[in-house]
Amino acid sequence: MSAQPILELKNVHSGYGSIKALKDVSLKIYPGEVVAIIGANGAGKSTTLMTICGIVPLEKGDIFYNGASVKNIAPEKLPPLGLCQVPEGRRIFPRLTVEENLILGAFYRNDKPEIQRDIEHVYSLFPVLGERNRQKGGTLSGGEQQMLAIGRALMTKPKVLLLDEPSLGLAPIIIHQIFDIIADINRNQGTTILLVEQNANLALQAATRGYVLETGQITLEDKASSLLHNPEIRKAYLGE
Amino acid sequence: MSKKIFSIMVMALLTTLFIISTASAESLKIGSMSPLTGPYASDGTDIKNGVLTAIEVFEKQEGGIPGYDKIELFPQDDVCDPRNAVAAANKLINLKVVGVIGAYCSSCTIPASETLDEAKIVMITPASTNEQVTDRGLPYMFRMCGRDDDQAPAAAKFMKESLNAKTIFIIDDKTTYSQGLADGVSKNCKALGMNVVTHDHVNQGDKDFSAVLTKVKGANPDILYMSLQGYSPAALMSIQAKRMGIKAQIVTQDAVFQPKYMEVAKEAAEGVYLTYGFTDPTTPEYKAFQQIYEPKYGKIAAYATYAYDSTIALLKAIKAAGSTDPDKIKAELMKLEFNGASKHIKFKENGDSGSSYIAFKVVKGEFVPYWEPTNGLIK
Amino acid sequence: MDSFIQQLINGITLGGIYALIALGYTMVYGVIQLINFAHGEFFAAGGYVGVIFLSFFTGLGYMETHPILCLTASFALAMMYCAYLAIGVEKIAYKPLRKEARLAALLSALGVSIFLSNGLMLTQGVYDKAYPSELFQGGFSFGIITIGYLQVLIVCLTGALLVALNLLVFKTKIGMAMRATAQDKTMSALVAIGSNKIISLTFGIGAGLAAAAGIMVGLYYGSVRYDMGFLPGIKAFSAAVLGGIGNITGAMLGGLIIGMVEIFGAGYISGEYKDVFAFIILIGVLYFKPTGIMGENIDDTRV
Amino acid sequence: MIQEFKKIWKQYAITMLWLLGLLWPLLGIHPDGTLSFKQTVNVWSYIFAGTFICFIFYIINKSGNFEFFTKPVVNTSQKLGDIVQAMPSWIWKSALLIGAIIYPILTGRYPTDVVINVLLYICLGLGLYVVVGLAGMLDLGHIAFYGVGAYTYAILNVQYGIGFWVCFPLAGLTACIAGCIVGYPTLRMRGDYLAIVTLGFGEIVRIILNNWMSLTNGPNGILGVKTIGILRPVMENGLTFEIFWVKKLEYFYYFALALAILTIIAVTRINFSRIGRALEAIREDETAAELMGVNTFYYKLLAYAMGAVFAGFAGALFAARMKFVSPESFTFLESVMVLSMVVLGGMSSIPGIILGVIALIVLPEVFRELESYRMLVFGLTMIIMMLFRPSGLIAAKRKKMMETKS
C-alpha cells in the first residue's frame with residue numbers, strides 16, 4: 001500500500017442542525033482499494049459520504065483528497081477532480097432519458113467524441129441500458145436504475161467512486177451482477193471505491209478493507225477478510 | 001420561548017401603533033386622503049399636490065390662519081380600498097385634523113365620510129362624483145367636483161345637439177364612477193331619442209380592448225362613449241380604436257382631463273371630445289394656482305384643480321369661523337362664495353357645489369373648450 | 001363572419017402576449033418550483049427600460065436613421081437589464097430561502113413584487129409612459145379586417161421563442177442540466193452541475209423573455225405603466241398552470257387558450273365576465289386533467 | 001471586526017454595486033438623448049447611507065459589541081419570559097385578555113380601528129390556517145369567503161331588513177356552502193394546481209360581486225348596512241328591552257374581540273382533535289393517510305368548509321362595521337395578504353399566525369407617514385422578515401410541512 005492516501009477524513013464532525021450524525025470520524029483510503037463501511041441503520045454511513053461530497057456541511061475536522069483539503073470546495077466542483085458518488089436510492093433523473101442521464105454524468109467534460117466513447121463503454125458494461133437508451137429514467141426497474149446510476153457516475157471519470165447501498169432493494173441475482181461490475185471497475189480501471197453497505201457480508205467480500213461505523217463513530221477498522229471472520233462482527237452484522 | 005417572543009412582539013407593535021397615532025405641533029392640521037400607491041396613484045398624487053399648492057398659495061395670499069404658525073397637511077394613502085380608507089380616516093381623527101380633502105374613489109369616500117362624520121370633521125371631496133356621496137345627507141360632507149347626474153345630461157345633450165348623433169355605443173369599466181356615469185348617459189341619451197346600440201363593459205385594469213372594439217366596428221355607431229376611470233385606459237382605448245379604423249367620434253368624461261392623455265395617445269387623441277367642468281385659465285385665481293403648481297408638479301390635471309379649490313374653500317371657512325369648531329366651519333362653508341381656480345364656488349344645501357360641464361375637444365395636443373350647454377359652440 | 005375572423009386575430013394576439021410572459025414564468029417554475037410573483041414586475045421593468053432606451057435613441061436622433069437597429073438594441077438592452085435584475089433578486093431574496101418551506105419563498109416573491117412595482121412607480125413616476133416609436137404601427141387590411149404588423153410580430157416572436165426554448169431545453173446540455181436541476185438539486189451537484197449557476201441562468205432567461213414581452217406590449221399598446229405587471233402576471237401564471245406548469249409548449253398553449261377565451265367571451269357573451277370564462281375553462285380543464293394540458297403525471301416532487 | 005465579517009461585507013458591497021447598476025438606467029438615461037449620473041448617485045447614496053447604518057448596527061450586534069446594552073435587555077426579557085413560563089398559562093392568558101379588553105380605553109380611535117382590523121383578520125387567518133397550515137392545501141382565494149359573508153349580511157340586511165344576529169349564522173352558512181363549492185372540484189388537485197384553481201374561484205366571486213347589479217349593486221357596493229343591534233334591558237316602567245345599536249367603535253371592538261377569541265378557541269380545539277390529526281396526516285402524505293383509513297375527500301372538504309365559515313363570520317362583522325361593502329375589499333391581493341399572514345406567522349402555530357396578522361396589518365399603518373414610499377418599504381420589510389425568519393415569526397415545532405424535497 002502506498003503511503004499517500006487518496007482520500008482522508010480527519011476527525012470529521014457533521015450533522016443536520018442540532019442532530020450530530022458524525023462524531024470524530026477518521027478514515028484513510030488508499031489508491032486502488034475497495035473500502036467498505038458497514039454499520040446499522042442510522043449509524044451515519046450515508047452522512048459520511050454526503051459530508052465527503054460537501055452536501056452535508058462539515059462542522060469540524062477536515063477532508064483531504066489527493067493531499068489537498070476539499071473542505072471549502074463546492075459540491076459541484078468535486079466530480080471534475082475525480083470524486084464521485086452514487087447516492088443511496090440511485091437518484092437518477094426520472095424525467096430524463098437514459099442517454100441524457102449519462103450525458104449529464106459527463107456534464108463538466110467538453111470532449112464530445114470521448115463522451116460518446118464512454119457512453120458506448122457504459123452500454124457495453126450494462127447492455128440493458130443500451131437497449132433502453134431512449135426510455136425515461138423513471139420507467140426503469142430498480143436494478144436498471146442502479147446500473148444507470150453507476151454508469152452515470154462512471155461518466156464523470158472518477159478516481160474515487162463512493163457507492164451508497166448499491167444492493168438496496170434489489171433481487172439477489174441483480175446484486176451479484178452489480179457487485180461483479182463494481183469489482184470489474186476497480187480491477188480494470190483502477191478506480192478506488194468506497195462502499196457503504198448494510199449487507200456486511202456482501203460488502204466485506206468485495207472489499208479489501210473495512211470500517212465499522214456505530215452511532216456516528218468508527219468502532220473498528222481492519223482488513224475485510226479479518227472483519228469477515230471477527231466473531232463480534234459476525235454476531236452483530238452477519239446474523240450469527 | 002414562543003410565548004415570550006409572542007407577547008413582546010405583540011406589545012411592541014401595538015405600542016408603536018399607539019405612539020404614531022399621537023402627534024403634537026402647534027399648527028393647523030388638515031388631512032388629505034387619496035390613493036398614493038396602487039393603480040390610481042397618479043390621480044391620487046394629483047390631489048395631494050393640489051392640496052399642497054393650495055396651502056402654499058393660501059399662506060402667501062392670506063397670510064395663513066391667525067393663531068397658528070403654519071398649516072400642516074397629513075396626506076393619507078387609501079389605495080382606493082374601503083378598509084384602508086376607514087383606517088386613514090380614523091388616523092386623521094386621532095391626529096385631530098380640522099378638515100379632510102378626499103377621497104378619490106367614491107367607494108372610499110362613502111365609508112370614510114361615515115367615520116369622519118362621527119367625529120364631526122368636515123370632508124370635501126375633489127373627485128368622487130357618485131350621487132350617493134352627498135345624497136346621504138351627512139352634515140359635514142361637501143363636494144367640489146360635479147355629480148354624475150350633472151355630467152351625464154350635459155354629455156347627452158352635447159352628443160345630440162352638437163354632434164348630431166343618432167346611434168351611440170357606450171363602454172364602461174365597471175367602477176362606481178364609470179358605470180354610474182355610463183348608466184346616466186345611457187338614460188339621458190334614450191330620453192333625447194338617441195339609439196344606444198350597446199352598453200358594454202370592460203374590466204378595470206384591462207389593457208386589451210380589441211374584443212369590444214371589434215364589436216364597435218361591427219355596430220358602426222356615430223359615437224363611442226368611453227366611460228373609463230382615468231386617462232390611462234382611455235388612452236389605450238383611443239389608440240386601439242384608431243388602429244382598428246373605427247370611424248365613430250369618441251366622447252369621454254372628466255376623468256380623462258389629464259394632459260398625460262394626449263402624451264400617451266398622441267394623434268389617437270386628436271378630435272376626442274370630453275365633458276369637464278368649465279375652467280377659465282385666464283382668471284387670476286387660476287393663474288395663482290398655476291404659478292405654484294406647474295413648476296413643481298408639471299401640467300395641471302383635473303383633480304388637482306378641484307383639490308386646490310377644496311382646500312382653499314376649507315381654509316377660507318376656517319379663517320372666517322375663527323375657530324376649529326366643526327359647526328362654525330360648516331356654517332362658514334355654506335356662506336362662502338368666491339371665485340376658485342376651477343369655477344365660481346358656492347355650496348348648496350346638500351354639500352354639492354354645482355358644476356358647469358362643457359365639452360372640450362382635443363386639438364393639437366390641448367384640451368380646447370368646444371361647446372357649452374346654453375350657447376352651443378364656443379368660438 | 002368578418003368580425004369572427006377579427007376576433008380570432010385579436011385572440012391570437014392577446015394569447016401570444018400571455019404566452020410570451022408565461023414562457024418565462026414556466027421556465028422559472030420548472031427549475032425551482034417557485035411561483036414567482038415578481039415575474040410580472042420583471043415584465044413591467046422590461047417595458048420601462050425598453051421605453052427608456054427607445055426614447056434615448058430617439059433623443060439622439062438615431063431612431064430616424066436606423067430604426068430597426070435601435071429597436072433591436074433596445075430589446076437586447078432591456079432583456080439584459082431584466083436578466084441582471086432577476087439574477088440579483090434571485091440571489092438576494094430567493095436563494096437564502098431555497099432550503100426553507102416553499103411558501104417562504106412565495107412570500108418573499110410577493111415582497112419583491114410589491115417592492116419592484118413601487119420602485120418603478122417612484123423612479124419612473126406615477127403617470128403612464130408613452131412609447132415614442134411609431135414603428136410597425138401600420139397593418140394589413142382585408143375588407144374590414146385589420147392585422148397590425150405588431151400583431152404579426154408578437155405571434156412570430158412567440159413562436160420563435162417557443163422553438164428556441166424547446167431547442168435549448170431539450171437539445172442542449174445546458175437544457176438537460178436545467179431539467180436535472182429541476183428534478184434533483186443534490187444529485188445534480190453530485191454530477192458537477194452547479195445548481196446556483198443553472199438557476200441564475202434560468203432566472204436570467206425567464207426575465208429576459210419577460211422583458212421582451214414587456215417591450216412588445218409597450219409597442220403594441222403604446223404605453224407602459226408601473227402596475228402593468230400584476231394582472232398579466234396572474235394571467236400568465238394561469239396560462240402556465242393550464243398548460244401544465246413547467247412545460248414550455250404547455251405554457252404557450254395555455255396562453256393562447258386564455259387569450260382566445262377572453263376575447264371570444266368578451267366579444268360574444270359579455271365583456272365584464274370574460275375573466276370568469278377564462279377561469280371556468282381553467283378549472284374545467286384542471287378538473288379533468290389535474291396536471292394541466294401537457295403536464296406530466298409525476299407530481300411527487302411537488303409540494 | 002472587518003476581517004471577521006469579510007464575507008458579509010463583500011456581499012453587501014456587491015449588492016450595493018448591483019443596486020447602482022439597477023438604478024442608473026432608470027434614472028440616468030433621458031429621452032433627450034443625454035446621460036446623467038447625478039440623480040442616480042444621489043438616490044443611491046441615500047439608500048447606501050440608510051442601509052449602511054442598518055448594516056453597521058447589524059454587524060456590531062452580530063459581533064457582540066452591543067452586549068452591554070442587549071445583554072441586560074435579553075436577560076430581563078429572559079427573566080420575564082421565565083416568569084411568564086413559570087406562571088400557569090391561565091395567568092398569562094388572562095393578562096393578555098385584560099390587555100385586549102382595556103386597549104380601546106387606553107388608546108384612541110385609530111389604534112382601536114386598526115386592532116378591529118387585526119381581529120377580523122385573525123379570524124380570516126385562522127380560517128386559512130385550517131386549510132393551509134393543517135391540511136396543506138395552498139389557497140389563494142380565501143378572501144372570497146370573507147366577501148360572501150360580508151355580502152350575505154349586507155344583502156339580507158339592506159334588502160330584507162334582517163338583523164345582524166340572524167344573518168351572522170347565515171353568513172357562516174353561505175360561506176360554508178361556497179367553501180364546499182370551491183372545495184369539491186379542487187379536491188383532486190394538488191399543490192400549485194390547487195393554488196391556481198382557488199385563485200380562479202376567488203376572482204370569479206369578486207367579478208360576480210362586481211357585475212351582478214341586481215343583487216350586489218355592482219361596483220357601487222351596498223350602502224346603509226346596519227350595525228350590530230343588541231337588546232338592552234331598560235328598567236323604566238318595568239323590564240322592557242330596547243334595541244341598542246353598536247355605533248361606537250369602542251363597543252364594536254368588543255364584538256370583534258369576542259369573535260376572534262371564539263375563533264382562536266375553536267381553531268385550537270380543531271388543532272388538537274381527531275379532525276386536526278387527520279388533516280395533518282393528509283398534509284404530510286395524502287396517499288399514506290388514505291391508506292391508513294382517513295377519508296381524505298371528506299376531511300379536505302371539511303377543512304375548506306371550516307376555513308370558509310370563520311371567514312364568513314368575519315365578513316359579516318366587517319360589513320356591519322363598515323356599514324358599506326364593495327368589491328374593492330375582496331381582491332386577489334387581499335387573499336395573498338391573508339396567506340402571507342399565515343406563512344409569516346409560521347404556518348402552524350396559532351400565536352404565530354396572530355403575530356403574522358398583527359405584523360401585516362399594523363406595519364402598513366406604521367408606514368403611513370411615508371406616503372408614496374409606504375408600499376415600497378412594506379415590500380422590503382416582507383423580504384427582510386422572510387430572510388431573517390424563514391420559517392415564520394414563530395417557527396412551528398413540527399416544521400416538516402411544505403418543504404421542498406431535496
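Trainee: What distance separates the centres of domain 1 and domain 2 of chain B?

Mentor: In this predicted model, the two centres, taken over C-alpha atoms, are 30 Å apart. The assignment for chain B gives domain 1 as 2-145 + 282-346 and domain 2 as 149-278 + 357-377.

Trainee: What makes residues of these two domains count as in contact?

Mentor: Their C-beta atoms, placed from the backbone, must lie within 7 Å. By that rule, 14 residues of domain 1 of chain B and 15 residues of domain 2 of chain B take part. On the domain 1 side of chain B, they are five nonpolar, five polar and four charged residues.

Trainee: How many residues do chain A and chain C bring to their contact?

Mentor: Chain A has 24 residues in contact with 17 residues of chain C. On the chain A side, α2 (78-81), β6 (83-86) and α3 (98-105) each supply at least two residues. With four residues, α3(A) gives the most. The chain A side has 15 nonpolar, four polar and five charged residues.

Trainee: Let's turn to chains D and C. Which element gives the most to the side of chain D that touches chain C?

Mentor: That is α8(D), with 11 residues. The whole contact takes 52 residues from chain D and 59 residues from chain C. Elements of chain D giving two or more residues are α1 (6-28), α8 (191-211), α14 (332-344) and α16 (374-388).

Trainee: How do the residues on that side of chain D divide by class?

Mentor: On the side of chain D that touches chain C, 32 are nonpolar, 13 polar and seven charged.

Technical notes:
Residues numbered from 1 in each chain as written. Chains lettered and ligands numbered in written order. Predicted model: local features only at pLDDT ≥ 70, side-chain atom pairs only at ≥ 80, totals over all residues. Domains from an automatic or database assignment. Nonpolar A, V, L, I, M, F, W, Y, C, P; charged D, E, K, R; others polar.
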